[in-house]
Amino acid sequence: MQRLDVETKSKHYEILVDQDFLDLVPAIRGLDKDFSSYHVVSDDNVTPLYQREILDALAGFGKPVHGVTFPHGEKNKNLSTMEAIYQALIENGADRKSLIVALGGGVAGDMAGYAAATYMRGIAYIQIPTTLLSQVDSSIGGKTGIDFNGYKNIIGAFHQPELVYINTATLKTLPRGEFTSGMAEIIKHAMIKDAAYFDFLELERERVQALDHEVLTSMILRSCEIKSQVVSEDETEKGNRALLNFGHTAGHAIERLMDFRMLHGECVSIGMVAAARLSAAEGGFPPAEAERLVRLLEAYGLPLAVPDLSAESVYEELFHDKKTMGNTLTFALCRRIGDSYLSKGTLTKAQILEALDQV
Ligand code: NAD
Ligand code: ZN
């Protein structure tokens, strides 16, 4: 088992990476808190795979354990699912000293985390992320929440977990497309912060794709480290968190234009190709490095372009992003692989259209 310490303004916690759930109970015991009951929240895909094992392990504490299952998918990350979760917590006697266990992908993490942030004005929770995206992205940073009236993540709260426990073996049951999609965020981490990590992703691709535990562990920990570093810098030095949006400005626009029929990471992959072109147009990002990015995305099975969207339509859609301030577009761009910066309003419409035209 490997561990990483995460320091936030409000809390210090650990991310553990293992290849089974054997150390989950000792890890919870190590929190040194006397929880009154345990409530494992997962969706109806993850429940039959992993909920029983977690409930059985937690039963060892000799306190009540309960499973809560909700219907899977982003379309259920909403108020009515939250209502059902609150209802189950009340019926199962959850109190201020209970522990919520968010078991599953980012949807389970965001909703169980939000339940923990709001139930009785906030109770403790841990994350057991089971998708690659949730292991390297959504379980870090403390953002929890739900969608509302067509707006993504518009209702939510910051609430840090007590612990993040990652079992790489869960990736074996994850649909391959979901794994590939998660790789986009990992390649993004290398692009914005760490050239050596980019080399590692090139060199170790076969072992990554074969789900080799040791390589996955190094990869997941490095990505968690980069994300938590960027997020914690942002707590003091405002705005840096936006570097994590590399590939996301165009990516989100494509995601919306495709009506969410493509996976998030696939759209981010195309967005990163556009961001690399923009980086070359604005800051002299070397074409050979843009080419390396394209080759790496391709090698991991990520798309480079959507054939049926015009550059003009993607450009228009950029201005609908809620993170866009007024009419000024902010892009996270790269000077070199591993060296990123934020560009505000310096790119012309023609430059942006030209970059989008190539994806
Ligand atoms: P998800 O939770 O919907 O999981 C994807 C699919 O995989 C689901 O059908 C799920 O049931 C299934 N699944 C999960 N683990 C599995 C496993 N081990 N084996 C088999 N099937 C499994 O989606 P996701 O991609 O993990 O997360 C996306 C969500 O994360 C979005 O709602 C997004 O807004 C959110 N998010 C949050 C943050 C944050 O900072 N809080 C950051 C990024 C994304
Ligand atoms: Zn993303």
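## The zinc site

Here, a donor is an N, O or S atom within 2.8 Å of the metal. Keep in mind that this is a predicted model. With that in hand, the donors of the zinc ion (ligand 2) fall along the chain in the spacing E-x62-H-x15-H. Put residue names to that pattern and you get Glu185 (through OE), His248 (through NE2) and His264 (through NE2), sitting 2.0 to 2.1 Å from the zinc ion.

The two histidines are 16 residues apart and link distant parts of the chain. Histidine 248 belongs to helix α10 (residues 248-257), while histidine 264 belongs to helix α11 (residues 264-283). Are they buried or exposed? Histidine 248 has a relative accessible area of 6%, so it counts as buried, the cut-off being under 20%. Histidine 264 comes out at 21%, so it is partly exposed.

## Around ligand 1

Now for the other ligand. Ligand 1 has 26 residues around it, and the ones that come nearest are Asp43, Glu74, Thr130, Thr131 and Thr173. By type, the shell splits into seven nonpolar, ten polar and nine charged residues.

Some side chains put a polar atom close to the ligand. For threonine 173, that atom is 2.7 Å from a nitrogen atom of ligand 1, and for aspartate 110 it is 3.0 Å from a nitrogen atom. Asparagine 45 has a polar side-chain atom 2.9 Å from an oxygen atom of ligand 1.

How much of ligand 1 does the protein bury? Taken alone, ligand 1 exposes 870 Å², and the protein buries 86% of that. The elements giving two or more residues to the shell are α2 (46-59), α4 (106-118), α5 (132-138) and β8 (151-158).

Note on methods: Residues are numbered from 1 along each chain as its sequence is written. Chains are lettered from A and ligands numbered from 1 in the order in which they are written. This is a predicted model: local features need pLDDT of at least 70, side-chain atom pairs count only at pLDDT 80 or more; totals for chains, interfaces and linings use all residues. Side-chain values use heavy atoms; hydrogens and water are left out. Donors are N, O and S atoms within 2.8 Å of the metal (3.2 Å for Na, K and Ca); water is not among the atoms, so sites may look incomplete. Helices (H or I, at least four residues) and strands (E, at least two) are DSSP runs, numbered from the N terminus. Buried means under 20% relative accessible area, exposed over 50%, partly exposed in between (1.4 Å probe, protein chains only). A residue is near a molecule or strand if one of its heavy atoms lies within 4 Å of it. A polar contact is a pair of N or O atoms within 3.5 Å; within protein, one must be able to donate a hydrogen and the other to accept it, and residues adjacent in sequence count only if both atoms are side-chain atoms. Accessible areas come from the Shrake-Rupley method with a 1.4 Å probe; for residues, only the protein chains shown count as cover. Ala, Val, Leu, Ile, Met, Phe, Trp, Tyr, Cys and Pro count as nonpolar, Asp, Glu, Lys and Arg as charged, and the others, Gly among them, as polar.
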